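This report looks at charged side chains, at the contact between two chains, and at a patch of surface. Please keep the sequence and the model at hand while reading.

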Amino acid sequence: MLSAPEVLDHNYLESRCLLLELAATLDRLDRARAGGGSDSVESDDRLQRIRASLTILADRDATPDRAERILRLFSDPAEG
Amino acid sequence: MQIIQPHYHAIARTAQDYERMAMSGVVAVCEPAFWAGFSRKYPETFIDYFRQISEFEPTRAAEFGIRHFCWVAVNPKEAENPGLSRAVIEQMPEFFKKPTVLGVGETGLHKSSPSECEIMEAQTQMAIDHDQLLLIHTPHLGDKLHGTRRVLEILERMPVNPDKVWIDHVEEHTIRMVKDRGYWLGFTLYPITKCSPKRAVDLIEKYGGERTLVNSSADWGPSDPFLLQECILEFRRRGHSLQEAIEIFYNNPARYLGQNPKFDIKPIRVEEIR
C-alpha cells in the first residue's frame with residue numbers, strides 16, 4: 001500500500017486534469033445557456049446530481065467512501 | 001480530412017505512428033528541437049541532433065507520404081547552461097539554409113531563470129537577424145502563468161514581428177495575454193497535462209480560431225499524437241463544418257508556417273462539384 005505522500009504524488013496530475021475537465025464542462029454548459037440555450041437544464045436531475053457530487057468532494061471531513069456515495073447519487077431509485 | 005501536425009517530436013516516435021498519421025490524413029509534421037529527457041554535454045551532440053531532424057527524419061516521414069519540416073534551437077531546459085547554449089546558437093545559421101528548416105524553436109522558458117531568459121533573448125535576436133519564424137515554449141504547470149508573462153515581457157522589448165511568432169502551450173489562464181498582443185498561439189493536447197481536446201475546442205469557440213494552431217503531444221513521455229484527430233472529431237461533433245475544421249487544423253498552420261517559403265503547402269477550400 002502506498003503512503004499518503006506517494007498517493008498524492010501518483011495522483012496529483014491526474015486529479016488536476018479531471019478537475020479541469022469538469023470545470024471546463026460546467027463552463028461549456030454556462031456558455032451554452034448564455035448563448036440562448038434552454039435554461040431547463042437547471043432542473044435536470046443529472047445536473048443536480050453533478051452539483052451534489054461536488055459537495056461530497058468539497059467536504060474535507062468526508063469519510064473515505066466518496067466514490068460509493070457518488071455512485072449512490074447516480075443510481076436509479078429502487079422500483080416498487 | 002487533410003491535417004497538418006505543427007508540433008511533433010518524430011525522433012521519439014515510431015514508424016507506426018507515421019503510418020497511422022498518414023492513414024488519418026496527416027500530410028505534414030513540423031519538428032521543433034527539444035529536450036531529449038537528459039541534458040546534453042556537448043555542442044556537437046546538438047549539431048548531430050539538428051542533422052537528424054533536418055536530414056534524416058524527412059526521409060523517414062517520406063516513406064509514408066508525409067512532409068517533414070523542423071526547427072532548430074536550444075530548448076529552455078538546456079538553456080540553463082549558457083556556455084553550451086551559445087556554442088550551439090553560433091552554429092544555428094548554417095541550418096537555416098537547409099530546405100526543411102523553418103525557424104528558431106522551441107526556445108522560451110521552463111523555470112524562467114536568468115540563464116533561460118538570456119538564451120531566449122539571444123535566440124529571439126537571432127530569429128530577427130535572420131528573418132526566421134520563432135516558436136516559443138511556455139512552461140508546463142504551476143510555472144506557466146508567470147513564465148508566459150515573462151516571455152511576453154522579453155518579446156515586448158525586442159523588435160519582433162508578432163506575425164512571425166508562435167507562442168505554444170497556452171491554456172485558459174494564458175490565452176488572452178497572448179492573443180491580445182497579436183501573436184500566433186498554440187494548444188498542445190496531452191493526456192493529462194497542458195490542454196485536452198475538449199478544452200481546446202472550448203477555447204476555439206470562446207476566442208475564435210484566428211492565429212490558432214493545434215498540435216498533439218508527441219514525445220518520449222506519456223503522450224498521444226492522435227489527440228489531434230480526437231480534437232478534430234470533437235470540433236466536428238459540436239456542429240462545426242468541414243471547412244471550419246480545415247481552417248483550424250490545416251489552413252492555419254499552412255498560413256503561419258507558409259510565411260517561410262520553404263513550407264509550400266497552401267491553404268485549401270472544399271468545394272462541391274456541380
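The text below begins with the interface, moves on to salt bridges inside one chain, and ends with a surface patch and one arginine.

**The interface.** The model is predicted, and what follows should be read with that in mind. Chain B and chain A bury about 970 Å² between them, of which 55% is on carbon and sulfur atoms. To this contact chain B gives 11 residues and chain A nine residues. Two salt bridges are found across the interface of chain B and chain A, as are three residue pairs in polar contact, with both residues at pLDDT 80 or more. In one salt bridge Asp202(B) is paired with Arg31(A), and their closest N and O atoms are 3.4 Å apart.

**Salt bridges within chain B.** Over all chains, the whole structure holds 31 salt bridges, and the table lists some that involve residues of chain B.

| Pair | Closest N to O distance |
|---|---|
| Asp48(B) and Arg51(B) | 2.8 Å |
| Arg51(B) and Glu55(B) | 3.7 Å |
| Glu118(B) and Arg86(B) | 3.1 Å |

The pair Glu118(B) and Arg86(B) links distant parts of the chain, since Glu118(B) is in helix H4 (residues 114-129) of chain B and Arg86(B) is in helix H3 (residues 82-96) of chain B, 32 residues apart. Glu118(B) is partly exposed at a relative accessible area of 32%, and Arg86(B) is partly exposed at 40%. A network of salt bridges with shared partners joins Arg28(A), Arg31(A), Asp202(B), Glu205(B), Glu234(B) and Arg238(B).

Where do Asp48(B) and Arg51(B) lie with respect to each other in helix H2 of chain B? They are three residues apart in this helix (residues 43-62), and so are separated by about one helical turn. Arg51(B) and Glu55(B), four residues apart in helix H2 of chain B, are likewise separated by about one helical turn. Asp48(B) is partly exposed at 45% relative accessibility, Arg51(B) is partly exposed at 40%, and Glu55(B) is partly exposed at 36%.

**A surface patch and Arg33(A).** Met1(B), Leu242(B) and Val270(B) make a nonpolar surface patch of about 220 Å². Met1(B) lies in the segment before strand E1 (3-5) of chain B, and its relative accessible area of 35% makes it partly exposed. In chain A, Arg33(A) belongs to helix H1 (residues 4-34) and is partly exposed at 21% relative accessible area. The side chain of Arg33(A) is in polar contact with that of Glu42(A), at 3.1 Å, whereas the C-alpha atoms of Arg33(A) and Leu71(A), 38 residues apart along the chain, are separated by 27 Å.

Notes
Residues numbered from 1 in each chain as written. Chains lettered and ligands numbered in written order. Predicted model: local features only at pLDDT ≥ 70, side-chain atom pairs only at ≥ 80, totals over all residues. Heavy atoms only, no water. Patch = residues over 30% accessible without salt bridge, like charges linked within 9 Å, V, L, I, M, F, W, Y side chains within 5 Å. Areas by Shrake-Rupley, 256 points an atom, 1.4 Å probe, with all protein chains shown as cover. Salt bridge = Lys/Arg side-chain N within 4 Å of Asp/Glu carboxyl O. Helix = DSSP H or I, 4+ residues; strand = E, 2+ residues; numbered from the N terminus. Buried < 20%, exposed > 50% of the residue type's maximum accessible area, 1.4 Å probe, protein only. Polar contact = N/O pair within 3.5 Å; in protein donor to acceptor, adjacent residues only side chain to side chain. Contact = heavy atoms within 4.5 Å. Buried area = accessible area lost by both parts, 1.4 Å probe.
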